[in-house]
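Welcome, and thanks for taking a look at this one with us. Please open the sequence and the model side by side before reading on.

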Amino acid sequence: MTDASTPRRDIDHVASGLAACLPALHRALDRQVTARYPHPKPPEGQLALLRFVAQHEGATVREAAEALLMKPNNVSALVSQLTEQGDLERRRDSADKRVAHLHLTATARERVSEVRELETVLIRHALTSLTEGQQGALGSALDALDALTRHLRPGAR
């Protein structure tokens, strides 16, 4: 939240800067990963789903859709694609056969981990080119960026 002492133009400047910077940062990192990753990199939607399942093993399509801010039918289509590719498994719920729980295959788990490690290496290398003050500012901003992300989610106040 802002207080009365924070000029609106400062908030507008930060909002505009973040709206421009964050997508550019994501694209730059994505291009670096694509250029260095030895396997075909899945499209962004598939990769987002794989990452979600890696962190929430056994999640359902509905849970994934809610977390990824996607429609369940779109997530279901991604699940079908990833299942056909051998990256994802659907396991029926023992109590409710209509519900399937999502699990990564061993290969997919390894590749998601490889992509995350490559991203970390690339960002670590880029961070070393910054001043200590810039590195500290980015480190300090992590909690604020996480809070901003939560506030931008539907239903957030």
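This briefing goes from the overall fold to the strands, the salt bridges, a surface patch and one backbone angle.

Please keep in mind that the model is predicted. Its protein chain has six helices and two strands, arranged from the N terminus as α-α-α-α-β-β-α-α. The radius of gyration is 19 Å, well over the 15 Å that the globule rule gives for 157 residues, so the chain is more spread out than a compact globule.

**Overall shape and surface**

- Along its principal axes, the C-alpha trace spans about 55 × 40 × 20 Å.
- Buried residues make up 23% of the 157 in the protein chain.
- The accessible surface comes to about 11,100 Å², and carbon and sulfur atoms account for 56% of that surface.
- Among contacts with a separation of 6 or more, 51% are between residues 24 or more positions apart.

**The two strands**

- Strand β1 covers residues 88-92 and runs antiparallel to β2, with five bridges joining the two.
- One place to look at this pairing is L88, whose bridge partner in β2 is L104.
- Strand β2, residues 100-104, is mostly covered, as four of its five residues are buried.

**Salt bridges: R51, E119 and R116**

- The structure holds eight salt bridges, and three of them are described in this briefing, beginning with the R51 pair.
- The side chains of R51 and E119 meet at 2.5 Å, N to O. This pair links distant parts of the chain, since R51 lies in helix α2 (residues 44-55) and E119 in helix α5, 68 residues apart.
- Are these two partners buried or exposed? R51 counts as buried because its relative accessibility is 16%, under the 20% cut-off. E119 is buried too, because its value is 11%.
- E119 also forms a salt bridge with R116, at 3.1 Å from N to O. These two residues are three apart in helix α5, so about one helical turn separates them.
- R116 has a relative accessibility of 41%, so it counts as partly exposed.
- Salt bridges with shared partners join R51, R116 and E119 into one network.
- Which residues does R51 touch, leaving aside those up to four places away in sequence? They are V112, V115, R116 and E119, so to speak the surroundings to display when you centre your view on R51.

**Salt bridge: E57 and R109**

- The side chains of E57 and R109 form another salt bridge, with 2.4 Å from N to O.
- This pair also links distant parts of the chain: E57 is in the loop between α2 and α3, R109 is in helix α5, and their positions lie 52 residues apart in the numbering.
- E57 is partly exposed, because its relative accessible area is 35%.
- R109 counts as partly exposed as well, because its relative accessibility is 36%.

**A nonpolar surface patch**

- I123, L127 and L138 form a nonpolar patch on the surface, and together they have about 220 Å² of accessible area.
- Where is I123 placed? I123 is in helix α5, which covers residues 106-128.
- I123 counts as partly exposed because its relative accessibility is 40%, which lies between the 20% and 50% limits for buried and exposed residues.

**A backbone angle to check**

- L69 has a positive phi, near 55°, although L69 is a residue other than glycine.
- L69 is placed in the loop between α3 and α4.

**In short**

- The protein chain is more spread out than a compact globule, because its radius of gyration of 19 Å is well over the 15 Å of the globule rule.
- The network of R51, R116 and E119 is held together by salt bridges that share partners, with R51 in helix α2 and with E119 and R116 in helix α5.

Notes: Residues numbered from 1 in each chain as written. Predicted model: local features only at pLDDT ≥ 70, side-chain atom pairs only at ≥ 80, totals over all residues. Heavy atoms only, no water. Patch = residues over 30% accessible without salt bridge, like charges linked within 9 Å, V, L, I, M, F, W, Y side chains within 5 Å. Areas by Shrake-Rupley, 256 points an atom, 1.4 Å probe, with all protein chains shown as cover. Salt bridge = Lys/Arg side-chain N within 4 Å of Asp/Glu carboxyl O. Buried < 20%, exposed > 50% of the residue type's maximum accessible area, 1.4 Å probe, protein only. Rg over C-alpha atoms; globule rule 2.2 N^0.38 Å. Contact = heavy atoms within 4.5 Å. Pairing = 2+ DSSP bridges.
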